[in-house]
Amino acid sequence: DLQQAFGDDMAAYCRHYVTCGKAEGRDGGGTGSASTATVTDAATTDTATVQGNVIGTCTTEYDATVPRAVNVELAAARINGVVVQPGKSFSFSSTILPRTSANGYVVAPIYISGTVGTGTGGGVCQVSSTLYAAMLHAGLPATERYPHSLPVGYDAAIAGTSKDLKFTNTFSQPLLIQASASGGVLTVTLSLQ
């Protein structure tokens, strides 16, 4: 029924799981693949830049001409190449460092308690949410994840030290996170090593 309702729209699957499936006790991992402009599977990923056995990947787009692009690209660079050993945990917020100008982040739009404002690091949630979608595709559950205060097409909010995206590598092999953001295209890929 989900295939008929959502086709290859992986973001719609993720939203449906968050709003309905989780409360129903369903497994959000899935084993299917998607190949749309929003989400790609391993077969459509550039194999020259991906190492290991790809288990999940997600691609989203952003406007490379606005200030938030700096934050998207910086956060992607900071998670790129991180290896999470079996049984070890990963914290998105800790890995990308505090969102301060000293760490290279700039002021951009953010959501604050249901309203749109501005803050240093606005846009990093697109990277955490793209990672989260790749995690869902890989069947890797989050140990900590928070929704945004306003509806968005993605949903793994990051806010200071109060909201983070965390997971534990439940696989028996090391897990490599690869992320690239350039020219308005953000891709996060998870591979077993």
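Here are a few exercises with worked solutions on this predicted model.

**Exercise 1. Work out how the protein chain is built up from helices and strands.**

Start with the tally: the protein chain has 5 helices and 9 strands. Next, walk along from the N terminus, and you meet α-α-β-α-β-β-α-β-β-α-β-β-β-β. Then look at how the chain folds back on itself: of the contacts between residues at least 6 apart in sequence, 63% join residues at least 24 apart. Finish with the surface. Buried residues account for 41% of the 193 residues, and the chain exposes about 9300 Å², with carbon and sulfur atoms supplying 53% of that area.

**Exercise 2. Decide whether Thr-57 is buried or exposed, and find what its side chain reaches.**

First, place the residue: Thr-57 sits in strand β1, which covers residues 53-61. Now check its relative accessible area, which is 1%. The cut-off for buried is under 20%, so Thr-57 counts as buried, at 1%. Then go looking for polar partners. The Thr-57 side chain reaches the backbone oxygen of Val-188 at 3.1 Å. It also makes a polar contact with the side chain of Thr-189, at 2.8 Å.

**Exercise 3. Find which residues have the most contacts inside the largest nonpolar core, and which elements supply the core.**

Begin with the core itself: it has 36 residues, and Ile-79, Phe-92 and Leu-190 have the most contacts inside it. Next, list the elements that each supply at least two residues: β1, α3 (68-79), α4 (92-96), α5 (124-138), β8 (175-182) and β9 (185-192). Of these, α5 gives the most, with 10 residues. Now zoom in on Ile-79. Leaving out residues up to four places away in sequence, Ile-79 touches Phe-90, Phe-92, Thr-95, Ile-96, Val-127, Ile-177, Ala-179 and Val-188. Val-188 should ring a bell: its backbone oxygen is the one that the Thr-57 side chain reaches.

**Exercise 4. Take the open sheet that contains β3, β7 and β6, and explain why β3 and β6 are edge strands.**

Write down the order first: β3-β7-β6, with antiparallel pairing. Then count partners. β3 (89-91) and β6 (142-144) each have a single partner strand, so one side of each is left without a neighbour in the sheet. For the twist, neighbouring strands here are turned by 30° against each other on average, ignoring direction. Last, inspect one pairing up close: 3 bridges join β3 to β7 (residues 166-168). As an example, Ser-89 has Thr-168 as its bridge partner in β7.

Conventions:
Residues numbered from 1 in each chain as written. Predicted model: local features only at pLDDT ≥ 70, side-chain atom pairs only at ≥ 80, totals over all residues. Heavy atoms only, no water. Helix = DSSP H or I, 4+ residues; strand = E, 2+ residues; numbered from the N terminus. Buried < 20%, exposed > 50% of the residue type's maximum accessible area, 1.4 Å probe, protein only. Contact = heavy atoms within 4.5 Å. Areas by Shrake-Rupley, 256 points an atom, 1.4 Å probe, with all protein chains shown as cover. Polar contact = N/O pair within 3.5 Å; in protein donor to acceptor, adjacent residues only side chain to side chain. Core = buried A, V, L, I, M, F, W, Y, C linked by side-chain atoms within 4.5 Å. Pairing = 2+ DSSP bridges. Axes fitted to C-alpha atoms, helices over the stretch in contact; angles between N-to-C directions.
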